[in-house]
Amino acid sequence: MSFALEIRNLKKAFGGLEVTRDVSLTVAAGARHALIGPNGAGKSTLVNLITGVLKPSGGEILLGGSGIGNLSQAERVKRGLARTFQINSLFPTMTVAENVALAMVAHDGADARVLDNISRDPALAARIGEHLLRLNLADTADRLVSNLSYGQQRIVEVALALALRPNVLLLDEPAAGLAAKDVEMLLDLLKGLPDTVSVLIIEHDMDLVFRFAQTITVLVDGRVLLTGTPEEVRKDQRVRDVYLGRRHG
Amino acid sequence: MRKPENTIGTSVPEMRSALRTHRFGWFEIVMLVVFVAVYYLLPGYLPLATQVAIMIIFAISLDLALGYGGIETLGHAVFYGIGGYAAGLYALHVWQEPISGLLVAAIAAGIFGIVSGVVVLRAKGLTLVMLTLACATMVHEFANSMRAVTGGDDGLSGYRIDPVFGLFRFDLFGRTAYIYSVCILVVVFLIARVVANSNFGLTARGIRSNAQRMQLLGVPVLNRLVLLYAISGALAGIAGALSAQVTKLVGLNTLAFTLSGNVLIVLILGGIGRLYGAVIGSIVFVVLSDRAAAIDPFNWLFILGGLIVLTVWLAPDGIAGRFSALTQQLRGRERKS
Amino acid sequence: MPSLSTLLSLFIDGASYGMILFLIASGLTVTLGIMRIVNLSHCGFAMIGGYAALALVSMGLPLLAALPIAVLFTMAVGFLLEQTIYRVVYRTHEFGQILMTLGLTYLMVATINLLFGSLMQNIPVPEALNGVWLAGGLTISKYRIFLVAVSAGVAVLLWATFEWTMFGAKLRAAIDNPRMARASGIDVGRLLSVAFAAGCGLAALGGVLGAQMLPLEPFYALKYLVLVLMVVTVGGLGSLKGSLVAALALGLIDTFGRYFVPEFGGFVIYVTVFAFLLVRPRGLFQNA
Amino acid sequence: MEFPGRFKHFVGMACFAAGMALSAEAMADTIKVGILGSFSGPYASWGVQFRNALDLYQEQHQSKAAGHDVELIYRDVGGNEPARAKQLAQELVVRDGVQYIIGLEFTPTILAVADIATEAEVPIINLNSGTSSVTRASEFLTRTGFTQWQVAAPAGEYAFDQGKKTAVIVSADYAPGKDALDSFRYGFEKKGGKILEEIKVPLGTTDFSTYLLRIQEAKPDVALVFMPVGPMSVGFLKAYVDRGLLKAGIDVYVGAEVQETDLPALGDAAVGIHSVFTYSPYQDNPENTAFVEALTKKYGAKGLPNLATVAAYDGLALVYHMIEATKGKKDGTAAMDSIKGLTIQSPRGPVTIDAKTRDIIQNVYLRVVEKRADGVLYNKTLATQEAVKDPWKELNPE
């Protein structure tokens with residue numbers, strides 16, 4: 001079977017310090033996969049390795065079966081790997097619709113077209129409208145992102161990533177800093193994602209993880225401790241020791 | 001392909017206002033009326049009005065680079081000057097036909113935009129400001145030292161310009177020059193408008209808003225900025241060429257820091273990223289300096305300096321920004337009541 | 001091949017020119033380093049200093065007595081402006097800053113023009129510093145040696161303040177990371193006010209001493225602005241050491257360039273700066 | 001739009017109407033004269049001198065010529081801005097209906113308005129630009145300043161006559177500087193002198209040390225120098241003296257650089273600098289004495305004139321003459337014809353407008369800067385060469 005995203009024996013060392021130690025991980029097509037681990041487990045480094053912010057010291061990253069380890073961040077995006085950011089990285093001076101339009105136009109490779117009038121492109125408008133409706137953002141279409149609430153901005157962050165029509169969506173702590181009701185909204189939204197998108201979510205909010213993920217990988221000290229269903233992870237004594245015990249006591 | 005008339009199609013009109021583009025409105029109509037009215041009612045002011053039109057073109061070109069792409073430049077005169085010299089040299093050595101002269105100038109300035117853009121636009125912020133300044137100063141000094149070609153400090157002169165379309169001679173009263181400049185202004189405005197409203201214009205605004213994120217959307221930011229810089233440069237070149245054709249002389253002042261500074265003042269005075277800010281700013285700036293200089297030439301720098309300081313103080317988004325903020329407030333009030 | 005004495009002469013000329021640039025640029029680099037504002041009025045303070053000294057000298061004061069008064073006066077003007085207009089400048093966006101300081105420069109130019117007229121002005125050099133020393137085949141202008149000595153002294157003083165005083169330590173912290181400095185209890189606003197005023201004083205010193213090379217006229221404030229900005233950028237924002245090296249380098253390159261490739265005259269220095277900034281956009285010494 | 005056809009017609013009509021308006025203007029007994037100059041910006045000192053002279057002349061003549069009122073309309077070019085000069089000249093002719101234009105300091109600005117002179121048949125009097133060829137740009141251009149050749153060629157000759165056998169020429173690198181180079185060389189070599197080196201200094205240079213070093217190394221008898229009046233001229237001469245070149249016996253010959261208005265900026269350093277020029281306010285002739293007296297009475301010490309003042313004064317005198325000759329009618333050709341060959345008694349001595357070239361013929365003086373007993377620096381006349389024509393035009397006939 002082919003995996004949407006496959007990581008083989010990935011290593012990363014900063015000087016003598018090994019931060020990622022021989023990590024292997026597979027995200028099946030259409031999977032809802034979560035990556036958890038205590039602070040300092042190396043989650044951020046792993047995200048950076050997958051998205052291309054950092055170059056691995058060893059190992060392979062495969063997207064849809066082909067290696068992407070040497071590609072730039074932008075090229076990985078083009079191959080169908082989209083991500084959200086821990087800290088919002090949006091276009092604050094532009095409207096929500098424009099934010100989404102930017103991603104769609106970029107994805108279509110139409111961003112350098114000098115003659116197409118964006119407001120006279122019904123197909124584009126329809127796509128944006130549909131996209132925003134699905135993400136419950138239709139009401140905010142004409143508002144500047146900088147005027148939205150933090151929770152709404154987090155959702156726009158997801159909307160931007162999804163507008164790139166990714167095969168794999170990497171969500172980097174999407175619930176960070178969200179109020180409880182916003183987390184519910186986010187969860188609804190994530191559950192409604194189409195099966196064509198495989199999701200890898202890195203999250204601290206255990207409640208969200210266990211309600212959303214089908215598969216969970218636990219990372220400790222730069223190593224994979226365990227990969228399994230939520231049930232298996234919940235029951236595992238080692239996980240309780242290193243992680244759940246400490247946090248959920 | 002989805003069709004706009006499916007269920008989701010109901011949101012199509014909504015998107016039109018959410019994707020902000022330049023729309024023709026009363027402003028353009030008023031401007032056209034003003035330009036026509038000036039011709040008939042103020043024939044003695046046509047040379048001044050021609051300078052206004054040229055400045056508008058120049059400011060619009062800067063607005064594309066700065067207002068849309070966020071390219072912070074303190075050396076935009078380099079394109080104006082290159083356009084001017086290109087048009088002058090073309091008329092002197094090749095052909096005196098004016099419209100082809102404008103095209104040659106636009107191409108020359110555009111090519112310089114690509115070449116210098118590839119080099120300069122890697123930088124950001126203050127470094128970019130300084131690089132554009134250094135680049136313009138360098139070309140200024142170069143033109144100064146290439147006396148044999150450019151005439152150095154004495155300016156490039158001695159060329160003729162043929163009648164426009166072989167019909168309209170550049171007359172003493174500046175009528176042809178005025179109509180010609182205003183027509184070119186309309187064309188340039190339309191070009192700038194197409195660019196601003198296009199996918200590419202959206203991309204440029206995205207880059208201005210968050211260049212890093214654009215890169216991560218898979219957009220080659222540097223390439224796009226270079227393209228924008230080249231388009232902007234070409235339009236600025238047209239402004240310079242117009243000035244060269246109307247004045248029949250190109251001086252080193254077309255490349256000077258003062259001009260770069262002034263066009264920036266014009267644009268920020270009017271308001272950036274709106275196209276029509278360039279129009280308002282140019283009218284205010286050129287007319288005011290002309291009047292102030294006529295009334296009190298010895299002290300008009302006081303007026304100019306004071307005006308700039310006050311504008312930034314009271315209307316940091318420029319006159320156009322102030323205005324749209326006001327109309328928005330009014331609209332908001334209407335909605336509430 | 002030019003003789004050794006020629007090279008030495010050129011070196012002294014270039015160095016003294018560079019040191020004047022350094023004096024004017026030093027204040028700008030510090031305020032730029034802290035606030036990241038493009039202060040296009042900075043040369044205006046050098047001009048104010050120069051004209052203040054001129055006014056005092058024409059009232060009969062000897063230059064060396066007029067110098068400190070002019071510097072203090074300029075510091076006072078700088079401090080006042082910093083407390084008022086610059087408060088607005090800090091708040092606005094980058095291009096607002098450029099514009100506003102440009103507008104302020106215009107106001108300075110207009111004021112000087114009104115008070116002193118548009119003609120160029122001369123501050124007479126004290127008799128003792130006039131003329132040249134002849135040593136072997138070498139002619140050395142006394143005034144230039146004086147210039148190099150004074151500005152070298154100022155540079156050392158600056159360096160000592162920066163490295164060894166509490167004020168200097170705070171300043172370094174603020175340049176390094178204004179937010180962190182603020183968080184650790186440093187009053188960055190006050191620090192900046194003091195640094196700004198001191199910078200204006202330094203500019204004034206450069207304006208007075210350099211009047212022989214950069215002659216006083218109302219458009220002084222705009223004329224030498226590009227050069228000073230280049231010194232600061234090449235040196236790296238906020239780096240005094242960088243500004244010193246850059247100013248000396250530019251002074252020397254300009255001087256040698258004019259001697260050896262006269263046909264390119266003023267062109268050499270801008271090409272150099274441009275090429276340099278391409279390779280090192282952050283300048284010589286900028287941390288981060 | 002159907003304006004092409006109509007447009008042509010319209011232009012014709014407009015020209016006719018404007019012509020009518022202009023002649024109506026003439027009958028209304030007010031003759032307007034446009035004054036273009038730098039009244040603001042770095043070159044505002046020119047504008048001040050123009051204005052001093054013009055206002056004085058108006059006062060002395062009750063603003064009346066041939067029974068008509070003469071009105072001066074000032075417009076500020078603000079420096080070397082050709083586009084603006086052209087715009088203002090156009091407006092003066094079209095909107096204000098001026099019959100004459102006086103002013104302009106720079107070659108580019110004067111060239112930019114030459115077309116207008118030809119087309120509108122409005123005589124334009126160039127007050128300063130010293131480029132010889134300028135007057136050829138239009139039949140309606142004349143000059144009351146001087147040409148670079150007119151003073152620099154005699155300077156070369158005088159320097160040789162004073163016993164200087166070798167020279168270095170230093171000049172700012174722009175067209176008048178090129179003229180200066182050629183004319184210094186022409187004058188000096190004609191007498192048999194030898195030019196050791198030509199040094200071109202880029203415009204805007206403020207640090208002259210390297211150029212001085214080159215002079216020092218060339219060891220000439222004399223340095224023939226041309227710099228644009230202002231920062232460059234003052235900066236260069238100060239540095240020249242400060243470096244001890246003058247003391248070392250390398251005399252320096254200049255032109256307009258040591259006018260009395262600029263001497264205070266040079267200070268005592270200027271003593272001993274030679275110049276060849278056409279005017280000094282301390283020149284001893286009745287016209288000049290009256291002129292300087294009237295100016296200092298009207299403006300105080302600031303009224304001290306220089307050639308710009310005299311040129312403006314004479315320029316307006318020419319305009320008055322033209323108004324009288326045409327009885328106030330607008331007739332550019334007749335007006336120009338009336339001044340060809342005309343001689344007037346200028347404060348600088350007799351001045352004639354060359355009938356053929358419309359250029360100025362005037363006396364040229366060799367002077368040296370000295371300090372008077374009361375501490376005032378001035379140029380002392382050593383020799384006079386009378387009625388000098390522009391040598392360039394003689395050498396380069398049309």
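## A buried arginine in chain D

D:Arg358 is buried, with a relative accessible area of 6%. In this predicted model, D:Arg358 sits in the loop that links strand 13 (349-353) to strand 14 (360-371) of chain D. Its backbone is worth a look too, since phi of D:Arg358 is near 60°, a positive value in a residue other than glycine. As background, most residues other than glycine have a negative phi.

D:Ser63 makes a good companion to look at next. D:Ser63 is not a glycine either, yet has a positive phi of about 55°. Its place is also in a loop of chain D, here between helix 2 (44-60) and strand 2 (64-65). Is D:Ser63 buried or partly exposed? With a relative accessible area of 23%, D:Ser63 is partly exposed, because the cut-off for buried is under 20%.

## Chain D as a whole

Stepping back from these two loops, chain D is built with 13 helices and 15 strands. Its C-alpha trace spans about 70 × 50 × 35 Å along the principal axes. How does the radius of gyration of chain D fit a compact globule? A compact globule of 398 residues would have a value near 21 Å, and chain D agrees with this at 22 Å.

Of the 398 residues in chain D, 65% are buried. If you take the contacts in chain D between residues at least 6 apart in sequence, 69% of them join residues at least 24 apart. The area that chain D exposes is about 13,500 Å², with carbon and sulfur atoms supplying 53% of it. On the charge side, chain D carries 40 positive and 48 negative side chains, and the centres of these two sets are 1 Å apart.

## Where chain C meets chain D

Chain D contributes 27 residues to its contact with chain C, and chain C contributes 29 residues. Between them the two chains bury about 2,500 Å², and 52% of this is on carbon and sulfur atoms. Which residues of chain C lose the most area to chain D? They are C:Met120, C:Arg258 and C:Tyr259, which together account for 23% of what the chain C side buries.

A serine in chain C gives a close-up of this pairing. C:Ser9 belongs to helix 1 (residues 4-35) of chain C and is buried, with a relative accessible area of 4%. Setting aside residues up to four places away in sequence, C:Ser9 touches C:Leu138 and C:Thr139 in its own chain, as well as D:Leu213 across in chain D.

## Chain A on its own

Chain A has nine helices and 10 strands. Its radius of gyration is 18 Å, close to the 18 Å that the globule rule gives for 249 residues, so chain A is as compact as a globular protein of that length. Along the principal axes, the C-alpha trace of chain A spans about 60 × 40 × 35 Å.

Buried residues account for 57% of the 249 residues in chain A. Of the contacts in chain A that link residues at least 6 apart in sequence, 66% are between residues at least 24 apart. Chain A exposes about 10,300 Å², and 48% of that area comes from carbon and sulfur atoms. Its charged side chains number 28 positive and 28 negative, with the centres of the two sets 4 Å apart.

## Chain A and its partners

Which pair has the most contacts among the four pairs of chains that touch? That pair is chains A and B. Their contact takes 49 residues from chain A and 36 residues from chain B. About 3,800 Å² is buried between these chains, and carbon and sulfur atoms give 64% of that area. On the chain B side, B:Asn199, B:Arg213 and B:Leu217 supply 18% of the area buried against chain A, more than any other three residues.

The other two chains stand apart from chain A. Chain C does not touch chain A, and their nearest C-alpha atoms are 14 Å apart. Chain D makes no contact with chain A either, the closest C-alpha atoms of the two lying 27 Å apart.

## A buried valine in chain B

To finish, have a look at B:Val52, in helix 3 (residues 46-68) of chain B. B:Val52 is buried, with a relative accessible area of 6%. Beyond its neighbours within four places in sequence, B:Val52 is in contact with B:Ser282, B:Ile283, B:Val286 and B:Val287. B:Val52 and B:Ala177 are 125 residues apart in sequence, and their C-alpha atoms are 12 Å apart in space.

Methods:
Residues are numbered from 1 along each chain as its sequence is written. Chains are lettered from A and ligands numbered from 1 in the order in which they are written. This is a predicted model: local features need pLDDT of at least 70, side-chain atom pairs count only at pLDDT 80 or more; totals for chains, interfaces and linings use all residues. Side-chain values use heavy atoms; hydrogens and water are left out. Helices (H or I, at least four residues) and strands (E, at least two) are DSSP runs, numbered from the N terminus. The radius of gyration is taken over C-alpha atoms; the globule rule is 2.2 Å times the number of residues to the power 0.38. Buried means under 20% relative accessible area, exposed over 50%, partly exposed in between (1.4 Å probe, protein chains only). Contact means heavy atoms within 4.5 Å. Accessible areas come from the Shrake-Rupley method with a 1.4 Å probe; for residues, only the protein chains shown count as cover. Lys and Arg count as positive and Asp and Glu as negative; His and the chain ends are not counted. The place of a charge is taken as NZ of Lys, CZ of Arg, CG of Asp or CD of Glu. Buried area is the accessible area (1.4 Å probe) that two parts lose on being put together, summed over both.
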